[in-house]
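Open the model in your viewer and keep the sequence panel beside it. The stops below give a selection to make and then say what is there.

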Amino acid sequence: MNRLLLLIGLCILSGCAVAEGTDPIIKANPDSEYDTTYKELGIGQIHDFQFTLPNADERWVRVWMEGYQNGEKMNEPLAELSYGQSPGQNEEGHLGIGIIRDGGDGAMLHVYAPGVSLIPRTSPLPLNETGISTWEYAVDEEGINLELGEEVLLGAYRQSTSGSIQTFDLQNKEQVKQMIHDDTVVLLLKMEVGTSEEQE
């Protein structure tokens, strides 16, 4: 009986290990060296994450920033990065986006992922610090497992000229819609992991 229980326990543990070992994982990384560099240089703000991608040679990753102004969505992503089929089987590193200030209302958006980085591009939306603004993570430091083909909200930058800014639950889709409606400018950082077959 004891041997049977031991075998069952080992099977369960090994099954869990396999499941955990094959799921992409994303975790908030608010105190990373990237964040420290941005703060020390005073160049803007950053949303940094630790991203683990098993079976990277069979996966595609898309990271993008949606923009909204006065409740209206911009036609195209403000910044977007897509990559995949890494030569290595497993991949791990930093993923995120930075807002680089230019001293006025303008700013540049810098999207990066493990081994990949876009040249910062100018934001078509005015991103200034004269109103109230905030960065918020939708994923915490415990992290989440990503399902293939699932669109995931990682975080948001919000700006309001009303003199106040409310708190919203970024895991609640209805509250996210309300946030987009209420705030002057909203940037949503999203990502999706898919298979190579989906890209063909």
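In which strand does Ile97 lie? Select Ile97: it lies in strand 6. Helices (H or I, at least four residues) and strands (E, at least two) are DSSP runs, numbered from the N terminus. Ile97 has 0% relative accessibility and therefore counts as buried. Buried means under 20% relative accessible area, exposed means over 50%, and partly exposed is in between (1.4 Å probe, protein chains only). Add Ala113 to the selection: the two residues are 16 apart in sequence, and their C-alpha atoms are 8.9 Å apart in space.

Before going on, note that this is a predicted model, in which local features need pLDDT of at least 70 and side-chain atom pairs count only at pLDDT 80 or more, while totals for chains, interfaces and linings use all residues. Residues are numbered from 1 along each chain as its sequence is written, and side-chain values use heavy atoms, with hydrogens and water left out.

**Strand 2 and its partners**

Select residues 44-53, which make up strand 2. Seven of these ten residues are buried, so strand 2 is largely enclosed by the rest of the structure. Now show strand 6 (residues 91-101) as well: ten bridges join it to strand 2, and the two run antiparallel. Two strands pair if DSSP finds at least two bridges between them. To see one bridge in this pairing, pick Gly44, whose partner in strand 6 is Ile100.

Then show strand 1 (residues 25-28), which is joined to strand 2 by four bridges and also runs antiparallel to it. Here Ile25 stands opposite Thr52 of strand 2. When you turn on side chains, keep in mind that in a regular strand they alternate between the two faces of the sheet.

**Two residues with positive phi**

Most residues other than glycine have a negative phi. Select Asn55, in the loop between strand 2 and strand 3 (59-69). Asn55 is not a glycine, yet its phi is positive, at about 55°. Its relative accessibility is 18%, so Asn55 counts as buried.

Go next to Asn70, in the loop between strand 3 and strand 4 (72-73). Asn70 also has a positive phi, near 50°. At 57% relative accessibility, Asn70 counts as exposed.

**Salt bridges**

Side chains of opposite charge can pair when their charged atoms come close. A salt bridge here is a side-chain nitrogen of Lys or Arg within 4 Å of a carboxyl oxygen of Asp or Glu. By this rule the count comes to eight.

Start with Lys39 and Asp35, whose closest N and O atoms are 3.0 Å apart. Both residues are in helix 2 (residues 33-41), and because they are four residues apart, about one helical turn separates them. Lys39 is exposed at 59% relative accessibility, whereas Asp35 is buried at 11%.

Move to Glu136 and Arg158, which form a salt bridge of 2.8 Å, N to O. This pair links distant parts of the chain, with Glu136 in strand 10 and Arg158 in strand 12 (residues 152-160), 22 residues apart. Glu136 is buried, with a relative accessible area of 17%, and Arg158 is buried at 0%. Now select Glu66, Lys73, Glu151 and Lys190, which salt bridges with shared partners join into one network.

Within that selection, look at Lys190 and Glu66, whose side chains meet at 3.2 Å, N to O. The pair links distant parts of the chain: Lys190 is in strand 13 (residues 185-195) and Glu66 in strand 3, 124 residues apart. Lys190 is buried, with a relative accessible area of 12%, as is Glu66, at 7%.

**A negative patch**

For the last stop, select Asp31, Asp140, Glu141 and Glu142, which form a negative surface patch. Patches are made of residues with over 30% relative accessible area and no salt bridge, with like charges joined within 9 Å and nonpolar side chains (Val, Leu, Ile, Met, Phe, Trp, Tyr) within 5 Å.

Asp31 is in the loop between strand 1 and helix 2, and it is exposed at 65% relative accessibility. Phe49 is 18 residues from Asp31 in sequence, and 9.8 Å from it in space, C-alpha to C-alpha. Asp140 is in the loop between strand 10 (132-137) and strand 11 (144-145), and at 45% relative accessibility it counts as partly exposed.

How values were computed:
Areas by Shrake-Rupley, 256 points an atom, 1.4 Å probe, with all protein chains shown as cover. Lys, Arg positive; Asp, Glu negative; His and termini not counted. Charge placed at Lys NZ, Arg CZ, Asp CG, Glu CD.
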